[in-house]
Amino acid sequence: VKPGERVPLDGKIIKGSSTLDTSALTGESMPREVEAGMEVISGCINQTGILTIQTTKEFGESTVAKILDLVENASDKKGRMENFITRFARYYTPVVVFAALALAVLPPLVTGQAFSIWIYRALTFLVISCPCALVISIPLSFFGGIGGASKIGVLVKGSNYLEALAYTETIVFDKTGTLTKGSFAVTEIQANGMTDEELLELAAYAEDYSNHPISLSIQKAYGKKIDNSRITDVQEIAGHGVQAVIDGMTVLAGNAKLMEREHIPYTASNAIGTVVYVAFDGRYAGCIVIADEIKADAPAAIKTLKAAGIRQTVMLTGDADAVGQDVARRLGLDRAYTELLPADKVDRVEELLAQKSDKGMLAFVGDGINDAPVLARADVGIAMGALGSDAAIEAADVVLMTDEPSKIAAIMQIARKTIRISNENIVFALGVKFLVLILGAVGRANMWAAVFADVGVSVIAILNAIRAMRVKQFETPAQE
């Protein structure tokens with residue numbers, strides 16, 4: 001498996017060392033160091049070295065195959081909300097047809113009046129009772145809501161998911177790639193006996209020959225051109241860090257094990273993230289903290305969702321507990337579960353589904369292939385589409401094409417507005433029809449009134465339904 005390639009099957013490394021990007025499977029944001037003798041799972045991306053892997057499982061038993069199986073099983077459990085119009089028409093249509101037939105036949109037989117009078121009233125009754133306003137305007141309201149959502153870069157796969165979003169009370173988030181960028185940046189510099197700029201320069205020069213994501217983030221933070229003539233004798237120490245001679249000084253940059261190996265006294269950092277310790281000529285120079293960045297609009301997204309009445313916000317991640325809890329604290333999430341495998345995430349969602357109210361819905365937001373089973377199991381699965389995996393987008397019910405969490409609050413507002421417009425149309429159409437039906441049955445409404453109760457009410461309901469497409473007022477915090 002060459003650098004940049006995906007590990008195709010589960011297996012054991014028999015030759016080589018490298019770093020693996022496991023975020024798509026475990027949600028772990030930091031690359032994982034691997035070497036000969038270690039187990040690797042399918043779906044990971046090889047980043048740095050060439051690996052020779054002996055397969056230990058056939059595809060049907062591999063990690064990716066199991067995830068796909070979880071998706072299928074979760075999809076079987078997912079219920080679909082029955083459409084109101086289908087339920088209503090099942091009873092409404094035969095009732096009004098038999099009522100019109102009775103209106104045409106029974107009164108003449110009982111009162112002795114002419115059949116022509118009551119047949120005319122029965123036909124008027126049928127025209128009034130025609131459910132055009134409901135059959136057209138209700139689906140149109142949802143189409144309008146779906147169209148309005150697409151204007152802000154949110155794709156909804158069906159009106160039933162839009163309806164479910166309106167009743168969502170619990171939102172569960174993945175971390176990496178959903179609430180965080182999934183990219184690394186220098187978040188803290190702790191210098192010892194020199195300035196922060198000097199420490200960063202030493203680390204950037206030492207890491208210049210490495211293409212490790214951590215090295216690249218240090219070089220990006222330094223932001224200046226590297227003078228390669230100052231660097232000699234670069235040596236990468238597997239599992240520890242790097243050693244280089246810079247301006248005649250021996251510089252070490254790596255983890256705590258590197259400092260201990262070289263017997264350099266250092267001050268351990270309690271910072272959240274990956275800590276790179278730096279030393280020169282046997283003296284401790286300080287450390288640099290690198291962590292996954294929180295998305296710019298993620299705090300505003302959580303705040304807006306809580307203001308919109310969401311009862312509980314939860315985060316599920318395969319990342320380390322310290323990292324996950326820190327992100328949850330900074331964002332103001334209600335709960336966070338960490339160090340989870342894909343199957344563990346499904347179990348946690350099952351627990352949360354059992355806790356929600358009868359009418360309440362649970363939405364899950366994720367982006368990786370490891371999120372696909374949970375996306376399928378939740379009442380509403382929301383995928384981050386622009387950077388998300390194909391499996392997550394396929395399993396999801398709603399796709400955020402801009403990767404902005406703040407769009408979740410916007411789509412929920414659109415969903416609630418759509419439901420409100422649909423309810424208005426139902427009450428208006430049935431109210432007018434019921435009133436004119438009674439008038440028609442007693443001979444107080446003519447055919448013109450019947451036409452208004454049918455076509456007129458339909459036109460008014462359709463015009464009201466079109467309001468669902470207006471989404472100007474639902475701008476996200478990032479856009480504002």
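## Exercises on salt bridges and a nonpolar patch

A search of the whole structure, which is a predicted model, finds 15 salt bridges. The exercises below work through some of these pairs and then turn to the surface.

### Exercise 1

Determine which residue forms a salt bridge with R230, and where the two partners lie in the chain.

**Solution.** Begin with the contact itself: R230 pairs with D247, and their closest N and O atoms are 2.7 Å apart. Next, place the partners, since the pair links distant parts of the chain: R230 sits in the loop between α8 (213-222) and β10 (231-237), whereas D247 sits in the loop between β11 (241-246) and β12 (249-254), 17 residues apart. Then consider accessibility, where the partly exposed class lies between 20% and 50%. R230 counts as partly exposed because its relative accessibility is 25%, and D247 is also partly exposed because its relative accessible area is 47%. Finally, extend the view beyond the pair: E201, R230 and D247 are linked in a network of salt bridges.

### Exercise 2

Work out in which helix R348 and E351 lie, and how many residues apart they are.

**Solution.** The two side chains form a salt bridge whose closest N and O atoms are 3.4 Å apart. Both residues belong to helix α12 (residues 342-355), where they are three residues apart, about one turn of the helix. As for accessibility, R348 is partly exposed because its relative accessible area is 25%, and E351 falls into the partly exposed class because its relative accessibility is 39%.

### Exercise 3

Locate the two partners of the salt bridge between D379 and K356.

**Solution.** The side chains of D379 and K356 meet at 3.5 Å, taken from N to O. This pair links distant parts of the chain, for D379 is in the loop between α13 (372-377) and β18 (380-384), while K356 is in the loop between α12 and β17 (361-366), 23 residues apart.

### Exercise 4

Identify the helix that gives the most residues to the nonpolar surface patch, and decide whether V110 is buried or exposed.

**Solution.** List the members first: V97, F98, L101, V105, L106, L109, V110, F115, I119, L123 and L126 form the patch, with about 1100 Å² of accessible area together. The elements that give two or more residues to the patch are α3 (84-111) and α4 (115-129), and of these α3 gives the most, with seven residues. V110 has its place in helix α3. Because exposed means over 50% relative accessible area, V110, at 71% relative accessibility, counts as exposed.

Technical notes
Residues are numbered from 1 along each chain as its sequence is written. This is a predicted model: local features need pLDDT of at least 70, side-chain atom pairs count only at pLDDT 80 or more; totals for chains, interfaces and linings use all residues. Side-chain values use heavy atoms; hydrogens and water are left out. Patches are made of residues with over 30% relative accessible area and no salt bridge: like charges are joined within 9 Å, nonpolar side chains (Val, Leu, Ile, Met, Phe, Trp, Tyr) within 5 Å. Accessible areas come from the Shrake-Rupley method with a 1.4 Å probe; for residues, only the protein chains shown count as cover. A salt bridge is a side-chain nitrogen of Lys or Arg within 4 Å of a carboxyl oxygen of Asp or Glu. Helices (H or I, at least four residues) and strands (E, at least two) are DSSP runs, numbered from the N terminus. Buried means under 20% relative accessible area, exposed over 50%, partly exposed in between (1.4 Å probe, protein chains only).
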